[in-house]
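Trainee: I've got this one open on the screen and would like to go through it with you. Can we start from a single residue and work outwards?

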Amino acid sequence: MRAQTKIPPPSRQRPPFRTNGERGESYKKPPKRTPVSTSDLTFTNRIRDKHTPIMSTGAGKTVCVTGASGYIASWLVKLLLSRGYIVRASVRDPNDPRKTEHLRALDGASERLQLFKANLLEEGSFDSVVQGCDGVFHTASPFYHDVQDPQLQKELIDPAVKGTLNVLNSCAKTQSIKRVVLTSSIAAVAYNGKPRTPEVVLDETWFSNPDFCRETKLWYVVSKTLAEDAAWKLAKEKGMDMVTINPAMVIGPLLQPTLNTSAAAVLSIMKAGAQTFPNATFGWVHVKDVAEAHIKAFETPSANGRYCLVEKVAHYSEVVNTLKKLYPSVQLPEKCADDKPYVPTYQVSKEKAKSLGIEFIPLEVSLKETVESLKEKGFVDL
């Protein structure tokens, strides 16, 4: 490993002031100005407060990202490297180019990216990976909806629950780790049997009910709910500083060469021959906002608890209509998959996410960038 750059003590070094999406701008003292209403202020011109990151650069800091070849994790690695962090990334097979080539190609990867082989279900497998890290981002967990009952425990629940506990136990052994950021899901928030209608506002105080999810055979939701619950219990037992990020359906450009589940949800209504769209309503959020939120949750001292990330809740019919405006020459489905009333939309509070400085990318932009990425990678020909 290359020698780390010596960083002056915080009292002698003024960290750069950062806004969402900016990189490395030097801090400038805000000029005196006439007071304005707080409703007119945006994150970009707010005076520094307790939510402003203490580390605007990751120079000299080492972090671990588990499941680094995944969709969200790949973006997380990209942004961490761009901030100067040394990234210790775990993958199942470092010798598989489909899992690692896109990571090795990232700016800064040749100098500051270290790949490790680790198995979620192997106790102690992450001990050496997290050794010496300042923070850990645990993103590794399977995400697919079509799992069958006989496969549940082996393919979905064990990797989610046991994998999370194995990683956290490794973190508990490592004194250098200041905070763990866990990638959870809105799936662990929204499914408790309560009605979700346009006037209902979900927030971080909601918790999914695993018994309700078992009854309705929402197995992915079960896995994420059990995993987050187990993580909070262990974090409390070990006195661990942990924050969870709970995104909805994550879309946007793909860095990895393989098709992930959420991008496939958009592809399913874009590909030739698609006749219907699902009667389903989801929250949607851009992958860059999700990766950014992970980093801000690590860098911001006051960050705590859970952070729901949803830019907009939309039924598939709205998604199709938005895509029709973006791609008017493309034949898109006209009918819903069933004749039942549309599953209603609902609201998800953005207040806590905004306290981290997240300014959500609009759904229309997210959809456009997803489709353009799918075209670029040859998944769809429009």
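Trainee: Leaving aside neighbours within four places in sequence, which residues is T164 in contact with?

Mentor: Keep in mind that we're looking at a predicted model. T164 has its place in helix α5, residues 152–172. Once the neighbours within four places in sequence are set aside, its contacts are H138, P159, L182, A227 and A231.

Trainee: Is T164 buried or exposed?

Mentor: The cut-off for buried is under 20% relative accessible area. T164 has a relative accessible area of 3%, so it counts as buried.

Trainee: L182 and H138 were on that contact list. Which residue of β5 is the bridge partner of H138?

Mentor: Strand β4, residues 135–138, runs parallel to β5, and four bridges join the two. H138 belongs to that pairing, and its partner in β5 is L182.

Trainee: And on the β7 side, what does L182 pair with?

Mentor: β5 also pairs with strand β7, residues 242–247, in the parallel sense over four bridges. V181 has V243 as its bridge partner there. For L182, the partner in β7 is T244.

Trainee: How many of the five residues of strand β5 are buried?

Mentor: Look at both ways the side chains point. R179, V181 and T183 go one way, V180 and L182 go the other, and all are buried. The strand, residues 179–183, is therefore largely enclosed by the rest of the structure, and the count is five of the five.

Trainee: What are the edge strands of the sheet that β5 sits in?

Mentor: That's an open sheet of seven strands with parallel pairing, in the order β3-β2-β1-β4-β5-β7-β11. From one strand to the next, the twist averages 20 degrees. Strands that pair on one side only are the edges, and these are β3 (113–117) and β11 (305–309).

Trainee: Which helix packs on this sheet touching β5, β7 and β11?

Mentor: Two helices are worth picking out here. α1 lies across β1, β2, β3, β4 and β5, at about 165 degrees to β1. The one touching β5, β7 and β11 makes about 165 degrees with β7, and that's helix α8, residues 219–238.

Trainee: Which residues touch the most other members of the largest nonpolar core?

Mentor: That core has 68 residues, and its largest share, nine residues, comes from helix α1 (residues 71–82). Not counting residues up to four places away in sequence, V87 touches several residues, including V63, V77, L80 and L113. The two that touch the most other members are V87 and L323.

Trainee: How many residues are in the other core?

Mentor: It lies apart from the largest one. Among its members are A187, L202, Y220 and V310. The size is 25 residues.

Trainee: There's another open sheet, with mixed pairing. Which strands stand at its edges?

Mentor: The order of its three strands is β8-β10-β12. An edge strand has a single partner, so one side of it is left without a neighbour in the sheet; here that applies to β8 (249–251) and β12 (312–315).

Trainee: Where does I251 fit in, and which residue of β10 stands opposite?

Mentor: Three bridges join β8 to strand β10, residues 281–286, and the two run parallel. Opposite I251 in β10 stands H286.

Trainee: Which helix lies across β8, β10 and β12?

Mentor: Helix α11, residues 316–326, touches β10 and β12, and its direction makes about 95 degrees with that of β12. The helix that lies across β8, β10 and β12 runs at about 60 degrees to β8. That one is α13, residues 363–376.

Trainee: What kind of aromatic pair do F282 and W284 form?

Mentor: The ring centres are 6.2 Å apart, with 90 degrees between the planes. Planes over 60 degrees apart count as edge-to-face. F282 is partly exposed at 23% relative accessible area, while W284 is buried at 1%. The pair is edge-to-face.

Trainee: Last one: which charged residue lies over the face of F207?

Mentor: Two rings are worth a look. K194 lies over the face of W206, at 4.8 Å from the ring centre. Over F207, at 3.8 Å from the ring centre, it's R306.

Key:
Residues are numbered from 1 along each chain as its sequence is written. This is a predicted model: local features need pLDDT of at least 70, side-chain atom pairs count only at pLDDT 80 or more; totals for chains, interfaces and linings use all residues. Side-chain values use heavy atoms; hydrogens and water are left out. Rings of Phe, Tyr and Trp (its six-membered ring) pair if their centres lie within 6.5 Å; planes under 30 degrees apart count as stacked, over 60 as edge-to-face and the rest as tilted. Buried means under 20% relative accessible area, exposed over 50%, partly exposed in between (1.4 Å probe, protein chains only). A charge sits over a ring if NZ of Lys or CZ of Arg is within 6 Å of the ring centre and within 35 degrees of the ring normal. Two strands pair if DSSP finds at least two bridges between them. Contact means heavy atoms within 4.5 Å. Axes are lines fitted to C-alpha atoms, for helices over the stretch in contact, and angles run from 0 to 180 degrees between N-to-C directions. A nonpolar core is a set of buried Ala, Val, Leu, Ile, Met, Phe, Trp, Tyr and Cys residues joined through side-chain atoms within 4.5 Å.
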